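User: I am new to reading protein models. Please take a close look at one part of this one, the salt bridges, and walk me through them.

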Amino acid sequence: LSPSLMVQVKRNREYEELKECTFTPQIKRDAPKPSGPIQVRGLGRHLELKMLKKRQDEEKAEREKKVFLTDTEGRRPRPYTVPEPFQLS
């Protein structure tokens with residue numbers, strides 16, 4: 001048997017089984033409307049942790065800025081030795 005013929009036979013068998021089915025679900029079309037503010041459990045803690053993470057990231061950025069000297073504006077240049085060519089005698 002070819003694959004397309006097998007698929008057709010399977011579809012026909014399913015159709016015959018479902019043809020006699022009389023079940024129809026009863027669905028409520030209108031959902032109850034909430035009478036007040038919706039309360040989400042754990043939302044306060046989530047927002048608190050989010051603020052804490054933001055504050056930690058800001059503090060980390062400040063420490064990195066200070067330690068790695070990423071902000072060089074306003075700093076005086078340090079006097080460095082000027083290299084000059086030399087000769088060995």
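Analyst: Here is a tour of the salt bridges, one pair at a time, with a short stop at a loop.

Keep in mind that this is a predicted model. It holds 3 salt bridges.

Start in helix H1, which covers residues 3–19. Here Lys19 forms a salt bridge with Glu16. Their closest N and O atoms are 3.2 Å apart. That counts as a salt bridge because a Lys nitrogen has to be within 4 Å of a carboxyl oxygen of Glu. Now look at the spacing along the chain. Lys19 and Glu16 are 3 residues apart in H1, so about one helical turn separates them. How exposed are the two partners? Lys19 is partly exposed, with a relative accessible area of 47%. Glu16 is partly exposed too, at 42%. Both values fall between the cut-offs, since buried means under 20% and exposed means over 50%.

Move on to helix H2, which runs over residues 43–67. Glu48 and Arg45 both lie in this helix. Their side chains meet in a salt bridge, with 3.4 Å from N to O. Along the chain they are 3 residues apart, about one turn of the helix. Check their surface exposure next. Glu48 has 45% relative accessibility, so it counts as partly exposed. Arg45 has a relative accessible area of 48% and is partly exposed.

Stay in H2 for the pair Asp57 and Lys53. These residues form a salt bridge, and their closest N and O atoms are 3.3 Å apart. The spacing here is 4 residues, and again that is about one helical turn. Asp57 counts as partly exposed, at 38% relative accessibility. Lys53 is partly exposed, with a relative accessible area of 48%.

Now for the stop outside the helices. Ile38 sits in the loop between H1 and H2. Ile38 is exposed, because its relative accessible area of 68% is over the 50% cut-off. Compare its place with that of Phe68. The two residues are 30 apart along the chain. Their C-alpha atoms are separated by 47 Å.

To trace this yourself, begin with Lys19 and Glu16 in H1. Then go to Glu48 and Arg45 in H2. Finish with Asp57 and Lys53, also in H2.

Conventions. Residues numbered from 1 in each chain as written. Predicted model: local features only at pLDDT ≥ 70, side-chain atom pairs only at ≥ 80, totals over all residues. Heavy atoms only, no water. Helix = DSSP H or I, 4+ residues; strand = E, 2+ residues; numbered from the N terminus. Buried < 20%, exposed > 50% of the residue type's maximum accessible area, 1.4 Å probe, protein only.
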